[in-house]
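User: Please take a close look at how the parts of this model pack against one another. A connected account with explicit criteria would be preferred.

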Amino acid sequence: MHLEIRQTKDGSNTLYVPELNEHYHSVHGALQESQHVFIKHGLEHALEQKRDVKILEIGFGTGLNAILTLPFALAQQAFIQYDTLEKYPLTAEVVEQLHFEQFILNPELLDYFKKMHAMPWNVPADLSPYFTLQKIHETLEEFSPPDAYYDVIYFDAFAPEKQPELWTAEVFAKLYKAVRPGGVLVTYCAKGAFKRNLKAAGFTVEALPGPPGKREMTRGTRPVL
């Protein structure tokens, strides 16, 4: 898969896939999008309820969401288990060209970022006493998550028109079973068909203010019965 480095409006870089005509992150700001959608409305929401948080990410990609999550484990001593799926792992050369050191100013975090990409796939690794990462080299269709296990799902797949197979009613029914009661799924997407599939799976759906360049984002919650 051919990839191109593109700079977004907040100065951080993302990747562009010409054959899909799709970016890995928002062109209005890769860093801002991840912080707003996944950290603020996903991770921080979960940490208000409990200190032991299990995260499932759909689309490891550049590792941006993971490295933004890690500081919460280190600073708050919150135990975070971070499982992430990726069908097309990036090469070390591509990761280096992203120049994430421009915004990961903390040398310790930059070292963690490099370790995240260097570690083997399909093997859980303790990056700190409070953060365990498992990169899973599988498609979402192949993945069989445990029932009622995850507190937060970062749904960071390519847009529905680019990867329609990942936005089906069947997929969200599987993810509904994987998230615990009270747990959430967060994503940048706010399309009507997607939200209808979330509701059909059983999620309570919220339309929240979106990151720069988007009017809305979506958070789905598995109700506590």
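Analyst: A crossing is right-handed if the near helix is turned clockwise from the far one by less than a right angle, and left-handed if anticlockwise. The model is predicted, so local features need pLDDT of at least 70 and side-chain atom pairs pLDDT 80 or more, whereas totals for chains, interfaces and linings use all residues. Residues are numbered from 1 along each chain as its sequence is written, and side-chain values use heavy atoms, without hydrogens or water.

The crossing of H2 and H4 is right-handed. Helix H2 (residues 64-76) and helix H4 (residues 107-118), both DSSP runs of H or I with at least four residues, have axes (lines fitted to C-alpha atoms over the stretch in contact, with angles from 0 to 180 degrees between N-to-C directions) that come within 10 Å and cross at roughly 125°. The two helices are therefore oblique to each other, that is, outside the ranges under 35, 65 to 115 and over 145 degrees. Their contact (heavy atoms within 4.5 Å) involves Ala66, Ile67, Leu70, Pro71 and Leu74 of H2, together with Leu109, Tyr112, Phe113 and Met116 of H4. By class, these residues comprise 9 nonpolar (Ala, Val, Leu, Ile, Met, Phe, Trp, Tyr, Cys or Pro), no polar and no charged.

Elsewhere, Phe155, Trp167, Phe172, Tyr188 and Phe194 form one aromatic cluster. Within it, Trp167 and Tyr188 make an edge-to-face pair, 6.3 Å centre to centre with 75° between the planes (ring centres within 6.5 Å, the six-membered ring for Trp, and planes over 60 degrees apart). Trp167 and Tyr188 are both buried, meaning under 20% relative accessible area with a 1.4 Å probe, protein chains only.

How values were computed:
Phe/Tyr/Trp six-rings, centres within 6.5 Å; stacked < 30°, edge-to-face > 60°. Buried < 20%, exposed > 50% of the residue type's maximum accessible area, 1.4 Å probe, protein only.
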